[in-house]
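Have a look at this one with the viewer open. The notes below go from a single side chain to the backbone oddities, and then on to the ligand.

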Amino acid sequence: MFSEEILASRTRNMGASAIREILKVVSQPGMISLAGGMPAPEAFPADLIVDLVRTALDKHASKALQYGTTEGFMPLREELAKYLAGTGVVATPDEVNITSGSQGLLDSLGKILISPGDKVVVESPTYLGAIQAFAPYGPDYIELETDSQGAVPESLEKILTQQRVKFVYMIPTFHNPTGKTISTQRREKIAAIIRKHDTLLVEDDPYSALRYRGAALPPVHKFAPEHVLYTGTFSKTLAPGLRVGYCVGPEFIRNWLVLAKQGVDLHTSTFNQALASEYLAGGHMQAQLPKIVELYRPRLDAMLDAMEKYFPKVFNWTKPEGGMFIWVEGPPGMDLDPIYHQAVAEKVAFVPGKHFFAVAGKGKETMRLNYTVKDEKTIQGAIRILGGILDRALG
Ligand SMILES: Cc1ncc(COP(=O)(O)O)c(C=O)c1O
């Protein structure tokens with residue numbers, strides 16, 4: 001009955017996420033999926049959440065069940081200001097805004113900043129959900145060059161010298177999809193470039209709490225608080241189903257984000273914000289994070305060990321210190337799409353890396369592997385099968 005004529009012009013820019021389509025295929029019974037980007041269900045503190053519900057209702061029932069302000073539930077903003085100070089993001093509670101996941105922030109950001117044809121700088125590759133959030137508003141993407149250590153500051157300098165861009169979007173720590181982390185020195189350089197060109201940088205940081213080894217690094221926000229909109233989330237440190245995220249950054253941008261959010265959902269679930277608030281206030285996050293880290297670290301190590309053993313020597317991959325993903329690069333010219341179909345036929349799934357590029361046509365020889373969802377033994381078995389398929393493909 002209806003046809004595309006009913007759609008707004010921006011709606012035609014929307015596309016189903018290739019990854020969500022892949023996740024549908026690979027959720028068949030018997031499939032070992034290394035494709036998703038989800039926390040392990042064992043990482044959810046279900047019993048604790050029962051206690052948090054009780055405490056949240058005892059302490060905050062009148063507010064937690066009521067409409068709230070778009071900026072967010074004040075006790076959570078207060079707790080976040082304390083927590084974030086420890087990570088290097090300095091903000092007062094008033095300067096912390098709550099969002100419906102980081103994804104909610106990305107959508108509002110597209111809405112308030114991007115007109116068709118505006119230039120947005122992203123890493124190459126980047127988080128597909130950001131591309132999806134920005135797509136309806138019709139940006140032109142400029143890809144930032146990346147090397148083994150992540151985004152290259154000189155490439156950013158060159159882009160910003162040559163063109164006027166709306167904003168730069170980056171995932172500096174345990175990048176999705178590559179797992180790479182930008183060094184402190186590069187963070188300082190990037191912050192200086194952003195300040196020099198008076199440009200907005202969106203620092204998306206869902207993974208920095210999932211650090212399995214090495215020392216924590218300061219956020220880019222620390223070096224350019226007036227130019228960086230920092231966003232984080234409880235999705236990987238508590239539960240993604242709660243849909244609670246947050247942002248800190250320039251007041252001018254945050255005020256417009258609030259207006260955009262008002263039109264979407266008025267505010268993030270006050271009840272879930274109260275749970276997140278009690279999670280922090282009771283010291284539970286501090287207790288839970290080491291458990292999550294201890295669950296994921298052996299899974300990462302199991303995957304890296306198995307790759308060393310079973311993957312062809314012509315393949316290279318990242319060795320992340322945290323996060324959820326390993327990025328694999330095959331020899332130039334190899335196409336991992338047929339390999340994906342073969343792997344699915346043998347009940348192992350990954351995401352072909354080509355889906356993570358803002359400008360299509362790149363990354364045919366790459367793949368993203370997730371190591372957080374399956375146990376060590378299952379991971380090793382899956383990598384053995386995948387290694388065998390890659391060996392056969394290389395002849
Ligand atoms: C880089 C990045 N940004 C944002 C998100 C969205 O997170 P949230 O669940 O907070 O919306 C994800 C989720 O995987 C992600 O990897």
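Ser-33 is part of strand β1, which runs over residues 32-33. Keep in mind that this is a predicted model. Is Ser-33 buried or exposed? With a relative accessibility of 15%, Ser-33 counts as buried, because the cut-off for buried is under 20%. Its side chain has a partner in the backbone: a polar atom of the Ser-33 side chain sits 3.1 Å from the backbone nitrogen of Ala-35.

Now for the backbone. Two prolines are worth a click, since each follows a cis peptide bond. One such bond links Ser-124 to Pro-125, with omega at about 5°. Pro-125 belongs to the loop that connects β3 (119-123) with α5 (128-134). The other cis bond is between Asn-176 and Pro-177, where omega is about 15°. That proline, Pro-177, falls in the loop between β7 (167-170) and α7 (184-196).

The loop between β7 and α7 holds another residue to check, Phe-174. Phe-174 is not a glycine, yet its phi is positive, at about 50°. How accessible is Phe-174? Its relative accessibility is 1%, so Phe-174 counts as buried.

Leu-266 also has a positive phi without being a glycine, with a value near 65°. You'll find Leu-266 in the loop between α8 (251-265) and α9 (270-281). Leu-266 has a relative accessible area of 42% and is therefore partly exposed, as that value falls between the 20% and 50% cut-offs.

If you follow the chain into helix α7, you'll come to Ala-192. Ala-192 is partly exposed, at 34% relative accessibility. Which residue can be paired with Ala-192 across a stretch of 39 residues? That would be Pro-153: the two C-alpha atoms are 9.7 Å apart in space.

On to the ligand. The space that the ligand takes up is the largest pocket. How many residues surround the ligand? There are 14, and the closest are Ser-102, Asp-204, Tyr-207, Thr-233 and Ser-235. Sorted by character, the shell has five nonpolar, six polar and three charged residues. Where does the largest share of the shell come from? Helix α4 (residues 101-113) supplies it, with three residues.

Some side chains come within polar-contact range of ligand oxygens, and the table sets out three of these pairs.

| Side chain | Ligand atom | Distance |
|---|---|---|
| Tyr-207, N or O atom | oxygen | 2.6 Å |
| Ser-235, N or O atom | oxygen | 2.6 Å |
| Lys-236, polar atom | oxygen | 2.9 Å |

As for how much of the ligand is covered, on its own it has 400 Å² of accessible area, and the protein covers 92% of that. Tyr-207 and Ser-235 turn up twice here, being among the closest residues in the shell and also having a side-chain N or O atom 2.6 Å from a ligand oxygen.

For a quick tour in the viewer, you could start at Ser-33 in β1, then visit the cis bond before Pro-125 and the one before Pro-177. From there, Phe-174 shows a positive phi in a buried setting, and Leu-266 shows one in a partly exposed setting. Finish at the pocket that the ligand occupies.

Methods
Residues are numbered from 1 along each chain as its sequence is written. This is a predicted model: local features need pLDDT of at least 70, side-chain atom pairs count only at pLDDT 80 or more; totals for chains, interfaces and linings use all residues. Side-chain values use heavy atoms; hydrogens and water are left out. A residue is near a molecule or strand if one of its heavy atoms lies within 4 Å of it. A polar contact is a pair of N or O atoms within 3.5 Å; within protein, one must be able to donate a hydrogen and the other to accept it, and residues adjacent in sequence count only if both atoms are side-chain atoms. Accessible areas come from the Shrake-Rupley method with a 1.4 Å probe; for residues, only the protein chains shown count as cover. On a 1 Å grid over the protein atoms alone, a cavity is a set of points where a 1.4 Å probe fits but cannot get out, and a pocket is an open set with protein on both sides within 12 Å along at least five of seven lines; lining residues have an atom within 4 Å of a point. A molecule sits in a cavity or pocket if more than half of its atoms lie within 2 Å of its grid points. Helices (H or I, at least four residues) and strands (E, at least two) are DSSP runs, numbered from the N terminus. Ala, Val, Leu, Ile, Met, Phe, Trp, Tyr, Cys and Pro count as nonpolar, Asp, Glu, Lys and Arg as charged, and the others, Gly among them, as polar. Buried means under 20% relative accessible area, exposed over 50%, partly exposed in between (1.4 Å probe, protein chains only).
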